[in-house]
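Work through these exercises with the structure open beside you. Try each task before reading its solution.

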Amino acid sequence: MVNSNYYAMDLLYVLPTHIQAARAGNAVHAILLYRRKLDREEIKPIRLLGSTIPLCSAQWERMFNTSRIPGEETDDLP
């Protein structure tokens, strides 16, 4: 994903370390835990601040298992 900051994910599950490989492993582990929750439909819809109206969750479908094929005018999502 473009413009994503995975560096901040260290604080979610473990204390940060200065070992780069461990930090990368922790980030991958956290991403896979999140993916499992998405696959099992355990993620609740995001709601607007103080609202009962949920935001559309359709974009989560393409978060994983999607690739962009660069095109001359626009990219293609197969």
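A patch is built from residues with over 30% relative accessible area and no salt bridge, and nonpolar side chains are joined within 5 Å. Keep in mind that the model is predicted.

**Exercise 1. The nonpolar patch**

Task: Find which residues form a nonpolar patch on the surface, and place Ile 46 in the chain.

Solution.
- Step 1. Pick out Ile 46, Leu 48 and Leu 55, which form the nonpolar patch.
- Step 2. Take their area together: about 260 Å² is accessible.
- Step 3. Locate Ile 46 in the segment after helix 2, which spans 20-39.
- Step 4. Classify Ile 46. Its relative accessibility is 44%, so Ile 46 counts as partly exposed. Partly exposed residues fall between the 20% limit for buried and the 50% limit for exposed.

**Exercise 2. The chain as a whole**

Task: State how many helices and strands the chain has, and what share of its residues is buried.

Solution.
- Step 1. Count the elements: there are two helices and zero strands.
- Step 2. Turn to burial. Of the 78 residues in the chain, 9% are buried.
- Step 3. Look at the surface. The chain exposes about 7,100 Å², and 57% of that comes from carbon and sulfur atoms.
- Step 4. Check the contacts with a separation of 6 or more. Residues 24 or more positions apart account for 24% of them.

**Exercise 3. The two sides of helix 2**

Task: Compare the span of helix 2 with the expected one, then find which of its residues are buried.

Solution.
- Step 1. Helix 2 has 20 residues.
- Step 2. From first C-alpha to last, helix 2 reaches 29 Å, close to the 28 Å expected at 1.5 Å a residue.
- Step 3. The buried residues in helix 2 are Arg 23, Ala 27, Ala 30 and Leu 38.
- Step 4. These residues lie on the same side of helix 2, because they cover an arc of only 85° around the axis.
- Step 5. Now turn to the face away from the buried side of helix 2. That face carries the exposed residues Ala 21 and Asp 39.

**Exercise 4. The salt bridges**

Task: How many salt bridges does the structure hold, and which side chains meet in them?

Solution.
- Step 1. The structure holds two salt bridges. Side chains of opposite charge can pair when their charged atoms come close.
- Step 2. One salt bridge joins Asp 39 and Arg 35, at 3.6 Å from N to O.
- Step 3. Both Asp 39 and Arg 35 lie in helix 2, four residues apart, about one turn of the helix. An α-helix has 3.6 residues a turn, so residues three or four places apart point the same way.
- Step 4. Asp 39 counts as exposed because its relative accessibility is 56%. Arg 35, with a relative accessible area of 24%, is partly exposed.
- Step 5. The other salt bridge joins Asp 75 and Arg 68, at 3.1 Å from N to O.
- Step 6. Arg 68 is exposed, with a relative accessible area of 54%. Asp 75 is partly exposed at 39% relative accessibility.

**Exercise 5. A positive phi**

Task: Find the sign of phi at Glu 41, and decide whether Glu 41 is buried or exposed.

Solution.
- Step 1. Glu 41 follows helix 2.
- Step 2. Phi of Glu 41 is near 55°, a positive value in a residue other than glycine. Most residues other than glycine have a negative phi.
- Step 3. At 72% relative accessibility, Glu 41 is exposed.

**Exercise 6. Two prolines**

Task: Which residues do Pro 45 and Pro 78 touch, leaving aside those up to four places away in sequence?

Solution.
- Step 1. Place Pro 45 in the segment after helix 2. Pro 78 lies in the segment after helix 2 as well.
- Step 2. Pro 45 is in contact with Pro 54 and Ser 57.
- Step 3. Pro 45 and Cys 56 are eleven residues apart along the chain, and their C-alpha atoms are separated by 7.6 Å.
- Step 4. With a relative accessible area of 42%, Pro 45 is partly exposed.
- Step 5. Pro 78 touches Ser 67 and Ile 69.
- Step 6. Pro 78 and Arg 68 are ten residues apart in sequence and 7.3 Å apart in space, C-alpha to C-alpha.
- Step 7. Pro 78 counts as exposed, at 72% relative accessibility.

Conventions:
Residues numbered from 1 in each chain as written. Predicted model: local features only at pLDDT ≥ 70, side-chain atom pairs only at ≥ 80, totals over all residues. Heavy atoms only, no water. Patch = residues over 30% accessible without salt bridge, like charges linked within 9 Å, V, L, I, M, F, W, Y side chains within 5 Å. Areas by Shrake-Rupley, 256 points an atom, 1.4 Å probe, with all protein chains shown as cover. Salt bridge = Lys/Arg side-chain N within 4 Å of Asp/Glu carboxyl O. Buried < 20%, exposed > 50% of the residue type's maximum accessible area, 1.4 Å probe, protein only. Contact = heavy atoms within 4.5 Å. Expected span 1.5 Å × (residues − 1). Arc of directions from axis to C-beta.
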